[in-house]
Amino acid sequence: SFIIKKSAPVDPNNSIGEASIFYNEYLGKWVMVFHLWNSSIVYRTADVLWGEWTTAETILDKSDFPFPYGAERTYGGYSHEIMSKDRGKTIYIVVSTWNPYNCLMVGVEFN
């Protein structure tokens, strides 16, 4: 499991991909998980689905994670409210690596 520990400024010119949006009962907020082109997997929260969304928090960065076989980058960050435990205190996301391709399930615990 990863513990969220740092903020990541998001460059509005940096493309994002494969966003998952779901309600988190533990936080009492909507959560959006997505990847940035620089291979970071981040999340934002909002009180209502249509925003205003918080600053992105980094879940993992390529340099923080022991990718097998020297993978070049991460993408994905797929999740859903049913992929959680303890009412959403811990969520699970599917992260993929590229070259070689691999999928990993990552647990994220909110404080």
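Select Phe-34 to begin: at 2% relative accessibility, this residue counts as buried (buried means under 20% relative accessible area, exposed over 50%, partly exposed in between, with a 1.4 Å probe and protein chains only). Phe-34 is part of strand 4, residues 29-36. Helices (H or I, at least four residues) and strands (E, at least two) are DSSP runs, numbered from the N terminus. Now add Glu-18 to your selection. Phe-34 and Glu-18 sit 16 residues apart in sequence, and their C-alpha atoms are 5.7 Å apart in space.

Before you go on, a word about what is on your screen. This is a predicted model, where local features need pLDDT of at least 70 and side-chain atom pairs count only at pLDDT 80 or more, while totals for chains, interfaces and linings use all residues. Residues are numbered from 1 along each chain as its sequence is written, and side-chain values use heavy atoms, with hydrogens and water left out.

Try colouring by pLDDT, the predictor's confidence in each residue, from 0 to 100. The protein chain has a mean pLDDT of 80, and 74% of its residues reach 70 or more. Which elements have the lowest and the highest mean pLDDT? Strand 1 (residues 2-3) is lowest at 50, and strand 8 (residues 84-85) is highest at 92. Where pLDDT is low, don't read the predicted coordinates in detail.

Next, click on Trp-50, in the loop between strand 5 and strand 6. Is Trp-50 buried or exposed? It counts as exposed, because its relative accessibility is 73%. Add Ile-21 and Leu-49, and you have a nonpolar surface patch with about 380 Å² of accessible area together. Patches are made of residues with over 30% relative accessible area and no salt bridge; like charges are joined within 9 Å, nonpolar side chains (Val, Leu, Ile, Met, Phe, Trp, Tyr) within 5 Å. A salt bridge is a side-chain nitrogen of Lys or Arg within 4 Å of a carboxyl oxygen of Asp or Glu. Accessible areas come from the Shrake-Rupley method with a 1.4 Å probe; for residues, only the protein chains shown count as cover.

Now look at the backbone from Gly-51 to Glu-52: this peptide bond is cis, with omega near 15°. Glu-52 lies in the loop between strand 5 (41-46) and strand 6 (57-60).

Last stop: Asp-86, in the loop between strand 8 and strand 9 (90-98). Asp-86 is not a glycine, yet its phi is positive, about 55°. Arg-87 is in the loop between strand 8 and strand 9, and its phi is positive too, near 60°. Most residues other than glycine have a negative phi, and most peptide bonds are trans.
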